[in-house]
Amino acid sequence: MALLSKKDTNLILDPLADNNPITIQVLGICSALAITAELKASVVMAISVLFVLGVGNVVISLLRNIIPAKIRIIVQLVVVAALVIIVDQVLKAFAYELSKTLSVFVGLIITNCIIMGRFEAFALGNGPWKSFLDGIGNALGYGVILVIVGFFRELLGSGTLFGFKVLGDPVAKTGLYALGYENNGFMIIPPAALIVVGIIIWVQRSKNRALIEEA
Amino acid sequence: MEHLELFFKSIFIDNMVFSVFLGMCSYLAVSKKVSTAVGLGAAVIFVLGVTVPLNWLLDQYLLKDGALAWMGPEYADYDLGFLSFILFIATIATMVQLVEIVVEKFSPALYNSLGIFLPLIAVNCAILGGSLFMQTREIPNIGLAFNYGISSGIGWFLAILAIAAIREKIRYSNVPAPLRGLGITFIITGLMGIGFQSFGGMLTGDNEPPEGTETTTVKAENKEEKEIKKEIEDKEKAVSYNEVINK
């Protein structure tokens with residue numbers, strides 16, 4: 001038997017495009033916008049969410065039969081908060097500068113609606129292995145958008161990727177800058193993220209017209 | 001004065017939606033109609049106004065580095081900062097539960113129209129974000145914490161009200177099909193965000209933008225010009241003196 005059945009593969013692949021948490025389900029937008037001015041921060045954020053959602057989904061799925069329905073939100077919040085505290089402490093220990101850049105947004109993973117959404121919609125009704133795959137899939141779908149937005153914002157805004165100068169040196173006027181290219185300061189400011197995500201949605205829905213909303 | 005400054009700063013300059021993108025999920029999902037937007041906005045103002053001061057107390061007397069000193073000198077070394085996420089979220093979840101009960105009792109219509117989004121206030125990043133920003137910005141006293149909660153709530157209310165009004169009107173305009181709904185809302189929010197950035201110049205307090213360099217160079221130029229003018233005048237005077245003497 002293959003490790004992943006067709007249904008299992010779909011659990012991972014669907015959220016990447018056609019059922020993407022950010023562009024289709026409209027969940028977890030805040031962090032997607034606020035920390036994407038640099039690619040590095042986006043990648044770290046994506047990995048953190050991958051960890052929290054993957055592990056959290058398994059934990060909730062294991063507990064699903066013993067959680068009373070009335071207090072499930074509190075239980076879910078406690079599980080997420082515990083996982084996020086782990087991520088926060090690890091970041092503070094090994095990547096202090098980065099954790100400063102992310103500031104409160106690591107803590108805000110707790111309130112990232114993707115996580116609560118998946119707990120509610122999937123982990124409470126499915127077994128641990130499926131929940132794990134679902135968590136990974138949705139976190140990857142989230143990560144993909146984050147990385148795309150981070151890539152464009154850092155490339156066009158600062159001319160760098162992961163801090164490396166890929167377009168040449170703006171001061172010494174090498175590479176593209178020799179041809180008169182200027183960094184686009186607009187991409188650094190927060191509202192640019194919204195517009196980039198808007199354009200991603202536009203492109204995605206023009207490709208797959210089934211996703212178009214009624215006004 | 002600092003109250004007034006914090007008030008306007010949290011509403012316009014550090015607006016929850018446009019400058020730090022908090023509470024975007026419910027902002028996007030509930031902004032289709034002005035009436036529901038107003039209901040959710042009011043709930044957010046209330047919950048923020050209650051939870052931020054409560055969490056301020058928790059932070060001050062339980063969580064901060066050395067905050068346990070009131071229990072006795074042997075507790076002064078404890079730093080429970082890492083527990084703040086879990087305690088803050090517990091306060092928030094409790095308050096949201098309370099709001100839900102009150103709204104259900106007094107306004108069943110509003111309760112029905114808010115639907116799933118009332119419990120979702122618990123996981124609205126604006127609420128937790130308010131408390132976390134209160135912590136990182138080290139707001140000095142409970143009055144200011146209350147002010148901060150209320151005014152950032154008002155900022156959020158303002159944002160959702162504006163976008164809901166725009167979305168009600170935009171139904172009559174011809175938006176490209178793939179951009180309809182979510183896409184155009186994102187882009188409008190982005191444009192509004194750019195607009196709100198211009199409020200940044202309204203209060204220039206402690207963190208002044210690096211424009212200082214420019215003004216000093218301008219002053220320097222003025223100085224040089226003045227000196228040059230003075231020199232020219234001096235020369236002219238000297239010339240006229242010479243002329244007078246020669247005559």
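This is a short tour of a predicted two-chain model, stop by stop, with what to select at each one.

**Stop 1: the interface**

Show chain A and chain B in separate colours. Contacts here involve 41 residues of chain B and 43 residues of chain A. About 3,600 Å² is buried between chain B and chain A. Carbon and sulfur atoms give 84% of that area. How many salt bridges cross the interface of chain B and chain A? The rule finds zero.

**Stop 2: the largest nonpolar core**

Select Ile29(A), Leu33(A), Leu22(B), Met24(B), Tyr27(B), Trp156(B) and Phe186(B). In the largest nonpolar core, which has 107 residues, these seven touch the most other members. Both chains are represented in that list.

Now centre on Leu33(A). Leave out residues up to four places away in sequence. On chain A, Leu33(A) touches Arg153(A), Ala193(A), Leu194(A) and Val197(A). On chain B, Leu33(A) touches Phe21(B), Met24(B) and Phe186(B).

A separate core of five residues lies apart from this one. Its members include Leu39(A), Leu155(A), Leu167(A) and Tyr177(A).

**Stop 3: Phe21(B)**

Stay with one of the partners of Leu33(A), Phe21(B). Phe21(B) sits in the loop between α1 and α2 of chain B. Check its backbone: phi is positive, about 55°, although Phe21(B) is not a glycine. Is Phe21(B) buried or exposed? Phe21(B) counts as buried, because its relative accessibility is 1% and the cut-off is under 20%.

**Stop 4: Thr185(B)**

Move to helix α9 of chain B, residues 182–197, and pick Thr185(B). Its relative accessibility is also low, at 1%, so Thr185(B) counts as buried. What does Thr185(B) contact beyond its neighbours within four places in sequence? The contacts are Leu28(B), Ile163(B) and Arg167(B).

**Stop 5: salt bridges in chain A**

The whole structure holds three salt bridges over all chains. Start with Asp88(A) and Lys92(A). Their side chains meet at 3.3 Å, N to O. Both residues lie in helix α4 of chain A, residues 72–94. They are four residues apart, about one turn of the helix. Asp88(A) is buried, because its relative accessible area of 9% is under 20%. Lys92(A) has 42%, so it is partly exposed.

Next, select Asp134(A) and Arg118(A). These side chains form a salt bridge at 3.0 Å, N to O. The pair links distant parts of the chain, 16 residues apart. Asp134(A) is in helix α7 (residues 128–158) of chain A, and Arg118(A) is in helix α6 (residues 113–123) of chain A. Both Asp134(A) and Arg118(A) are buried.

**Stop 6: Arg137(B) and its surroundings**

Switch to chain B and select Arg137(B) with Asp14(B). They form a salt bridge, with the closest N and O atoms 3.6 Å apart. The two residues are 123 residues apart and link distant parts of the chain. Arg137(B) lies in the loop between α7 (125–136) and α8 (142–170) of chain B. Asp14(B) lies in the loop between α1 (2–13) and α2 (24–29) of chain B. Arg137(B) is partly exposed, with a relative accessible area of 38%. Asp14(B) is partly exposed too, at 24%.

Add Phe133(B). The charged end of Arg137(B) sits over the ring of Phe133(B), 4.5 Å from its centre.

Then add Glu138(B), also in the loop between α7 and α8 of chain B. Glu138(B) has a positive phi of about 50° although it is not a glycine. Glu138(B) is exposed, because its relative accessible area of 61% is over 50%.

**Stop 7: aromatic rings**

The count is eight aromatic pairs over all chains. On chain A, select Phe151(A) and Phe152(A). They form an edge-to-face pair, 5.4 Å centre to centre, with 85° between the planes. Phe151(A) is partly exposed at 31% relative accessibility. Phe152(A) is partly exposed at 38%.

On chain B, select Phe196(B) and Phe199(B). This pair is edge-to-face as well, at 5.3 Å centre to centre and 70° between the planes. Phe196(B) counts as buried at 16% relative accessibility. Phe199(B) is partly exposed, with a relative accessible area of 28%.

Finish by adding Phe7(B), Phe8(B), Phe12(B) and Phe18(B) to Phe196(B) and Phe199(B). Together they form one aromatic cluster.

Notes: Residues are numbered from 1 along each chain as its sequence is written. Chains are lettered from A and ligands numbered from 1 in the order in which they are written. This is a predicted model: local features need pLDDT of at least 70, side-chain atom pairs count only at pLDDT 80 or more; totals for chains, interfaces and linings use all residues. Side-chain values use heavy atoms; hydrogens and water are left out. A salt bridge is a side-chain nitrogen of Lys or Arg within 4 Å of a carboxyl oxygen of Asp or Glu. Buried means under 20% relative accessible area, exposed over 50%, partly exposed in between (1.4 Å probe, protein chains only). Rings of Phe, Tyr and Trp (its six-membered ring) pair if their centres lie within 6.5 Å; planes under 30 degrees apart count as stacked, over 60 as edge-to-face and the rest as tilted. A charge sits over a ring if NZ of Lys or CZ of Arg is within 6 Å of the ring centre and within 35 degrees of the ring normal. A nonpolar core is a set of buried Ala, Val, Leu, Ile, Met, Phe, Trp, Tyr and Cys residues joined through side-chain atoms within 4.5 Å. Contact means heavy atoms within 4.5 Å. Buried area is the accessible area (1.4 Å probe) that two parts lose on being put together, summed over both.
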